[in-house]
Amino acid sequence: MLAPRRFEETMSLAANLSAIFGDAFATQGLDRSFGLVVVSARPDLAQFQCNGAMPAAKRAGRNPRDVAEGVLDAITDESPFAELSLAGPGFINITLTEEYLASYIDGLDSRYGAGLQEAKKTIVDYGGPNVAKELHVGHLRTAIIGESVKRVLRFLGHDVVGDVHLGDWGMPYGQLIAELEDRFPDLPYFDEEQTDGYPETSPVAIEDLQVMYPEAALRAKNDEEFAARARAAVVELQAGRPGYRALWQHMRDVSIAAMKKVYDRLNVHFDLWYGESTINHRLQPMVKRLVDDGYAYESDGALVIEVMTDEDTKEIPPFLLLKSDGASLYTTWDLATIEDRVEDLGAEVILYFVDVRQGLHFEQVYRAAYKTGIAPEEVVLEHAGNGTVNGPDAKPFRTRDGGLLTLRELIDMVVARAGERIEENALATEFGAEEKAQIAEIVGLAALKYGDLQNHRSSNYIFDVDRFTSFDGKTGPYLLYGAVRMKSILRETGSRGLAAGPILAPDREQERNLMLQLARFPEVVERTAEHRAPNHIAEYAYELVAEFSRFYEACHILKEEDAARQASWIGLVERTLAELTTVLDLLGIDVPERM
RNA sequence: GCCCCAGUAGCUCAGGGGAUAGAGCAUCGGCCUCCGGAGCCGGGAGCGCAGGUUCGAAUCCUGCCUGGGGCACCA
């Protein structure tokens, strides 16, 4: 079956054609959706194809070739088509006239044919870093995949809010408070008599926390007395003990400041810096209601919600609402966060860009949310899981000594390698050291992001700094090179007083293919949004640059003697650069002026 | 034990029930009077196994094999 599509919403080339064929199917008493036109799988035969005659015939109990004949006969306006033909069991092959294609490209605006979807209030939950711990490799994918999908959804007209959703409310902060109390017992935060007037500056820097946290965590593991104090500290923190809250606020502030530096470098920007603590005020009322309404019951001393239903053939463990000591935990917070997002933010769609290994957890949370009415049925809760960044051994990436690599170190590594590549290739030789460093930063980040985003979000991939920073092949640097070369051409034509003119009907294969490529953008963006998977648009970026390179090879703009043709080509370069820049921006990748 | 995900070219990965399964790297062979050769053109090479559904399956279903991951008081 064909998936139902609402192609009225866009003005894309394929959508225009789909509308024409949809009408033709409708005159045959068949569903319009069978008119879906897609890029041909056989470019040697046609540019586009419509396969709807086969499923339509099956449903109508007719012969597919007859249906296709009927559809072709029903097309009233054949002016866009250079050729329409029937092939095989019922494929309709479509080739456009050069004039129709050129006129379509000529009419493109800054949306490149993409329509706006019905706006949904969408919360994108990505990041999820823990306070007091430096960002590490594990935070890379969620950040850049979430950022890209956020941008894509926004481009398509959705009302999108990105939330970092900090891990800021669990055991680590009890452990840190207990650890700090041991080390600095005289600090005012630990004086139970004092309830305000705490210092404004933090007693600990982020570097202190990064050293202290692992030590405290280890201690809690081996020292039961310490662990008990840490647990007690969490309870008091969550209950609102002023000194603990003030200290916690310091830890949170210095952590966020450190994280922002890394996220800014990645071009990842959150609208909300909410965290688990944000919904603390909701916990007690929510739990009380869930108990009162009979959803939550006691099991082994803990409070749980049954989330398995009669239809389930598999085992789903109950949702843990409160621990047996009465404390809340991440499940509680995630549920209350849904309540918060629905009630306070008006969320219609909540997307979680979190490691795929959290799959069962989210399934439980979503089931609990729907069952209890915290999420109304029409609210979409979706876990867009991401895989891991692996080392050469195909296991999650580690440093040589087995430790976790911080995200900052990872970025530095790629940027340094990109800088070496620039030197090796004797590029940017005329630039000063500062500009070179800026270029290396942009190129390195493009290499890192494109190396990641070209993989499907849910698959693991092998991190290979040499491959990612290579200037050959399907890499970030190659894409930037393509964009920079376009800029270079436009600078050159501009300096010669040459301007863009109307797009003429293509008279070379490479010119036509570039136009056809430019026209594919809308469906790619929609597919990216639908699957919450930036690899589709990453693939498209490569195809676009590759198509441009062929055009560049075949159509020498400066040498072209026909002024109208030359102006048309300049216009084509302008449109290609503009679309590519948009595509790269949707991936969160910046383009330098020169490199 | 149960559940989830994956297995596609030598390597790293795409792939939307449709025709002849695509890229990049590597490899072999071509192309520099030319806007930036970081390029372009071409060759060889592949869907884990066995069934099933379908006019049509890498794609959907079942079983098996292999690998990774997850299974309430950590997040």
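1. Strand E6, residues 159-163, is mostly covered in this predicted model. Four of its five residues are buried. Its partner is strand E5 (residues 121-126), and the two run in the parallel sense over five bridges. One bridge sets Ile 123 against Val 161 in E6. Between the two strands the chain passes through helix H5 (residues 140-155). This β-α-β crossover is right-handed.

2. A second parallel pair is worth viewing alongside. Strand E10 (residues 349-353) pairs with strand E11 (residues 380-383) over four bridges. Ile 350 stands opposite Leu 381 in E11. The link from E10 to E11 runs through H12, and this β-α-β crossover is right-handed. E11 has two faces: Leu 381 and His 383 are on the covered one, while Val 380 and Glu 382 are on the uncovered one.

3. Next, the core. The largest nonpolar core holds 170 residues. Met 251, Val 443, Ile 537 and Ala 541 have the most contacts inside it. As a general rule, nonpolar side chains in soluble globular proteins tend to be buried together. Beyond its neighbours within four places in sequence, Met 251 is in contact with Val 131, Ala 132, Tyr 173, Leu 176, Val 204 and Leu 209.

4. Ala 541 deserves its own look. It sits in helix H19. Is Ala 541 buried or exposed? Ala 541 is buried, because 28 other C-beta atoms lie within 10 Å, and 20 or more is the cut-off. Not counting residues up to four places away in sequence, Ala 541 touches Leu 479, Leu 580, Val 583, Leu 584 and Leu 587. Glu 579 is 38 residues away along the chain, yet the two C-alpha atoms are separated by 9.3 Å.

5. Phe 184 is the case to set against it. This residue is found in the loop between helix H6 (171-183) and helix H7 (206-222). Phe 184 counts as exposed because it has 12 C-beta neighbours inside 10 Å. Asp 159 is 25 residues away along the chain, and the C-alpha atoms of the two are separated by 47 Å.

6. Helix H17 covers residues 509-518. Its buried residues are Glu 511, Leu 514, Met 515, Leu 516, Gln 517 and Leu 518. Which helices help to cover the buried residues of H17? Helix H4 (98-106), helix H18 (521-531), H19 and helix H20 (563-586) are among them.

7. Now the RNA. There are 76 residues around RNA strand B. Gly 170, Lys 323, Leu 427, Phe 471 and Gly 473 come nearest. By class, this surface has 34 nonpolar, 24 polar and 18 charged residues.

8. Which element gives the most to the surface near RNA strand B? H16 does, with eight residues. H16 spans 476-495. Other elements that supply at least two residues each include helix H2 (53-60), strand E4 (91-96), strand E8 (302-305) and strand E13 (461-462). Helix H12 (359-371) and helix H19 (535-554) also supply at least two each. H12 is thus met twice, as it also forms the crossover from E10 to E11. H19 recurs too, as the helix that holds Ala 541.

9. Last, chain A as a whole. Its secondary structure comes to 20 helices and 13 strands. Of its 595 residues, 45% count as buried. The C-alpha trace spans about 85 × 70 × 45 Å along its principal axes. Among contacts with a separation of 6 or more, 75% join residues 24 or more positions apart.

Terms used
Residues are numbered from 1 along each chain as its sequence is written. Chains are lettered from A and ligands numbered from 1 in the order in which they are written. This is a predicted model: local features need pLDDT of at least 70, side-chain atom pairs count only at pLDDT 80 or more; totals for chains, interfaces and linings use all residues. A residue is near a molecule or strand if its C-beta atom, placed from the backbone, lies within 6 Å of it. Ala, Val, Leu, Ile, Met, Phe, Trp, Tyr, Cys and Pro count as nonpolar, Asp, Glu, Lys and Arg as charged, and the others, Gly among them, as polar. A nonpolar core is a set of buried Ala, Val, Leu, Ile, Met, Phe, Trp, Tyr and Cys residues joined through C-beta atoms within 7 Å. Two residues are in contact if their C-beta atoms, placed from the backbone, lie within 7 Å. Two strands pair if DSSP finds at least two bridges between them. A crossover is right-handed if, with the strands pointing away from the viewer, the path from the first strand over the helix to the second runs clockwise.
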